[in-house]
Amino acid sequence: MAAAPDPSPPNVTDVTTNEPECSRQEVLSCALPVWYEQFKAITIKSMFITLPQEFVEYLNSNGLVLPEGCCLPSHIRNDVKSDESISDDDDKIEWSDSDSNPATDSKAPSFPELIRQISDGIGALGGAVVPKLNWSSPRDATWIAPSNTLQCTTAAEVVLLLKSSDFVAHDLSTVFEYSSDRNGTAKSYIAYTLCLRKWMPIDPSSEFRCFVYENQLIGISQRDYTAFYHHLPPHKEAIRREILDFFQLKITGRFPNTNYVFDVYREEEGRVALVDFNPYSAVTDALLFSWEELKFGPAKLNVGSSEDLPELRVVDGSERSVQPSDLHGSRLPTDILELSRGEDIYKFVDLLKCRKLGQDSNSSDSET
């Protein structure tokens, strides 16, 4: 199985003593390919494809060119086709070698076997999937998706989401950023894996994040903290009890870490499904809690005794309880922000090439 070397430890001087840390091994335990077999009966059906090192390097590279065999998603082609604000003269772009960056002029990469595996996986999972790498899904890149969701029906959509995501880039470069042994000499080798999860529409009001400290479930937070759902506050105790029962029956004693975070989906009353595991560290969003509270377990939570654990927090409708989304900064692509500041002209060349490729594709379609 192909493996990639451990990313070099980054500069982590911003880590504060109020944020808990975990070991590299605890981070590795939270990777979907590692825990899936143990919990596949209670989680979303998934398939796994080990990524070749060449594709990992492609994801890490600059540029927006899709691999050979990946057609641009229809919404991009349609946007180009319907754009009537650009004159014919503006469309006549000369792609001369003298005016371009050699680093961005190489032909589109080719991964035919990987593209075939992705397409086969999509078919095997019912025709629509949610992609992610070992830890992260590209949910910060949904701005580029046809449906503005993580739903993918083609290999091209999968690759486009992965290539556009900062969360995926984190998996590839700084996944051990908040690890207590990040500066150690021991190396951890990661077999980077594309995880395809069967697409299912999930009501965001039914998602919850659960915090486990020393094998005790101490906190549960509404996952979508940007909205008030009127049906949640009246049913807090029922939700808390169902998730606690699920944890005690299905999770506790089976996951190797002592401290960890897991996400669940309450499909309906009395039915809870596991979505993911995450490290008990600042790399994981604490949502309606804070890591200053969670670092020391239940000591700083608003509970009278251990019998009151876990504490469940939901948005109660007050103005102060609704928080801004952590994805707002991802709604406008970083490439566009850099272009507006004049920071990266070569990315502008890449965008123009994508536009020209879309036009060529439309011309070919009309000729046939």
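## The largest pocket

The largest pocket has a volume of about 1,600 Å³. Its lining is made up of 46 residues. Those closest to the pocket centre are Ser137, Arg139, Leu150, Glu207 and Arg223. The structure described here is a predicted model.

Which elements each supply at least two residues of the lining? They are the strands β2, β3, β4 (207-213) and β7 (271-279), along with α8 (166-173). Of these, β7 gives the most, with five residues.

## A three-stranded sheet

One sheet is open and has three strands, in the order β1-β3-β2. The pairing is antiparallel. The edges are taken by β1 (46-50) and β2 (129-132). Each has a single partner strand, so one side of each is left without a neighbour in the sheet. From one strand to the next, the twist averages 20°.

Now look at one pairing in this sheet. Strands β1 and β3 (residues 193-198) run antiparallel and are joined by five bridges. Met47 stands opposite Leu196 in β3.

## Strand β6 and its partners

Why is β6 described as largely enclosed by the rest of the structure? Seven of its nine residues are buried. Buried here means under 20% relative accessible area.

Strand β6 pairs with β4, and the two run antiparallel with six bridges between them. Phe208 has Val264 in β6 as its bridge partner. Strand β6 also pairs with β7, again antiparallel, through eight bridges. There, Val261 stands opposite Asn278 in β7.

Strands β6 and β7 form a hairpin, with two residues between them. In the turn, Gly270 has a positive phi of about 90°. Strand β7 is also the one that gives the most residues to the lining of the largest pocket.

## Aromatic pairs

The whole structure holds 17 aromatic pairs. One of them joins Phe55 and Tyr58. Their ring centres are 5.5 Å apart, with 40° between the planes, and the pair is tilted. Both residues sit in helix α3 (residues 53-60). They are three residues apart, so about one helical turn separates them. Are these residues buried or exposed? Phe55 is buried, with a relative accessible area of 1%. Tyr58 also counts as buried, at 8%.

Another pair is formed by Phe247 and Phe262. The ring centres lie 5.9 Å apart and the planes meet at 10°, so this pair is stacked. The cut-off for stacking is under 30 degrees. The pair links distant parts of the chain, 15 residues apart. Phe247 belongs to helix α9 (residues 236-251), while Phe262 belongs to strand β6 (residues 260-268). Phe247 and Phe262 are both buried.

## A cluster of rings

Phe247 and Phe262 also belong to one aromatic cluster. The other members are Trp35, Phe39, Phe255, Tyr260 and Phe277.

## Charges over rings

Which residue lies over the face of Tyr58? Lys163 does, at 5.0 Å from the ring centre. Tyr58 therefore has a place in two arrangements: the tilted pair with Phe55, three residues away in helix α3, and the contact with Lys163.

A second charge is found over the ring of Phe176. Here Arg24 lies over the face, at 5.4 Å from the ring centre.

Conventions: Residues numbered from 1 in each chain as written. Predicted model: local features only at pLDDT ≥ 70, side-chain atom pairs only at ≥ 80, totals over all residues. Heavy atoms only, no water. Pairing = 2+ DSSP bridges. Helix = DSSP H or I, 4+ residues; strand = E, 2+ residues; numbered from the N terminus. Axes fitted to C-alpha atoms, helices over the stretch in contact; angles between N-to-C directions. Phe/Tyr/Trp six-rings, centres within 6.5 Å; stacked < 30°, edge-to-face > 60°. Buried < 20%, exposed > 50% of the residue type's maximum accessible area, 1.4 Å probe, protein only. Lys NZ or Arg CZ within 6 Å of the ring centre and 35° of its normal. 1 Å grid on protein atoms, 1.4 Å probe; cavity = no way out; pocket = protein on both sides within 12 Å on 5 of 7 lines; lining within 4 Å. Points joined across faces, edges and corners; volume = space filled by probe spheres on them.
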